[in-house]
Amino acid sequence: MLGGTKLVAFISTRDLALAKPFYREVLGLRLLSEDSFALVFDAYGIMLRVTKVSELTPQRFTVLGWGVPDIAPAVADLEARGAQFERYAGMDQDEHAIWTAPSGAKVAWFKDPDGNVLSVSQLT
C-alpha cells in the first residue's frame, strides 16, 4: 500500500534555532517551511521534518543516513561545513573516520547539534 508513496522522515530537536543552520548550511538541505513546531526541509525529494521536543535522549545508532557516490569528498565537504565525524572503539576507521564494512561499503558517522547520529555511506 505505501510502496508507491513518498516517505516523510522525522528527527527531533530541543532547539530549532540550533538545528536550522545545521540542516540548512552544514548538510545543505533546502528549508521549505518553519514554525514554532518544526522545520521542514527538502532532502532530495523527501520531506524531512525536524520537530521540536521538550526532552530528547539521542539514540546510539544512526537515525538518518545519506547514500553518496564517493564518500571521501562527501566527508571532506561536510567537515569543511562544520560536521565533526565520530570515531568508535573497535571500528577500524581510516584517517577521515571512514569505516569499511566487510561487504566493501564505506560509512562515516557524525552528529547533529542534539546528538542524533547521522551518516554518509558509499555502497558497493
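The exercises below work through strands, a core and salt bridges in a predicted model.

Residues are numbered from 1 along each chain as its sequence is written. In this predicted model, local features need pLDDT of at least 70 and side-chain atom pairs count only at pLDDT 80 or more, totals for chains, interfaces and linings use all residues, and side-chain values use heavy atoms, with hydrogens and water left out.

**Exercise 1: the sheet with E1**

Task: Work out in which order the four strands E1, E2, E3 and E4 form an open sheet, and which of them are the edge strands.

Solution:

Step 1. Start with the terms. Helices (H or I, at least four residues) and strands (E, at least two) are DSSP runs, numbered from the N terminus. Two strands pair if DSSP finds at least two bridges between them.

Step 2. Now lay out the strands. The order in this open sheet is E1-E4-E3-E2, and the pairing is mixed. E1 and E2 are the edge strands, as each pairs on one side only. On average, neighbouring strands of this sheet are turned by 25° against each other, direction ignored.

Step 3. Look at the pairs. E1 and E4 run in the parallel sense over six bridges, and Ile11 has Val50 in E4 as its bridge partner. E3 and E4 pair in the antiparallel sense, also over six bridges. Here Val40 has Arg49 in E4 as its bridge partner, while Asp42 stands opposite Met47 in E4.

Step 4. Check the turn. The hairpin of E3 and E4 has two residues between the strands, and Tyr44 takes a positive phi near 55° there.

Step 5. Add the helix. H1 lies across E1, E2, E3 and E4 and runs at about 10° to E3. For this angle, axes are lines fitted to C-alpha atoms, for helices over the stretch in contact, and angles run from 0 to 180 degrees between N-to-C directions.

**Exercise 2: Thr51 in its surroundings**

Task: Find the strand that holds Thr51 and the residues that Thr51 touches, not counting residues up to four places away in sequence.

Solution:

Step 1. Thr51 has its place in strand E4.

Step 2. Contact means heavy atoms within 4.5 Å. With residues up to four places away in sequence not counted, Thr51 touches Phe10, Ile11, Ser12, Thr13, Phe37 and Ala38.

Step 3. For accessibility, buried means under 20% relative accessible area, exposed over 50%, and partly exposed in between (1.4 Å probe, protein chains only). Thr51 has 24% relative accessibility, so Thr51 counts as partly exposed.

**Exercise 3: the second sheet**

Task: Give the strand order of the open sheet that contains E5, E6, E7 and E8.

Solution:

Step 1. The order is E5-E8-E7-E6, with mixed pairing. Its edge strands are E5 (62–67) and E6 (99–100), each pairing on one side only.

Step 2. E5 and E8 pair in the parallel sense over five bridges. In E8, Ser121 is the bridge partner of Gly67.

**Exercise 4: the largest nonpolar core**

Task: Say which residues of the largest nonpolar core touch the most other members, and which element gives the largest share.

Solution:

Step 1. A nonpolar core is a set of buried Ala, Val, Leu, Ile, Met, Phe, Trp, Tyr and Cys residues joined through side-chain atoms within 4.5 Å.

Step 2. The largest core has 28 residues, of which Tyr23, Leu27, Leu48, Phe85, Phe110 and Val120 touch the most other members. The elements that give two or more residues include E1 (8–13), H2 (71–80) and E7 (106–111). H1 gives the largest share, with five residues.

Step 3. Take Phe85 as an example. Leaving aside neighbours within four places in sequence, Phe85 is in contact with nine residues' worth of company, among them Val75, Leu78, His96, Trp109 and Val120.**Exercise 5: salt bridges**

Task: Identify the partner of Arg30 in a salt bridge, and say how many salt bridges there are by the rule.

Solution:

Step 1. A salt bridge is a side-chain nitrogen of Lys or Arg within 4 Å of a carboxyl oxygen of Asp or Glu. By this rule the count is six.

Step 2. Arg30 forms a salt bridge with Asp42, and the closest N and O atoms are 3.3 Å apart. This pair links distant parts of the chain, with Arg30 in E2 (30–34) and Asp42 in E3 (38–43), 12 residues apart. Arg30 is exposed, because its relative accessible area is 53%, whereas Asp42 is partly exposed at 22%.

Step 3. Arg24 and Glu25 also meet in a salt bridge through their side chains (3.5 Å, N to O). Arg24 is partly exposed at 35% relative accessibility, and Glu25 is partly exposed at 44%.

Step 4. Finally, Asp77 forms a salt bridge with Arg81, with 3.1 Å between the closest N and O atoms. Asp77 is partly exposed at 40% relative accessibility, and Arg81 is partly exposed at 40%.
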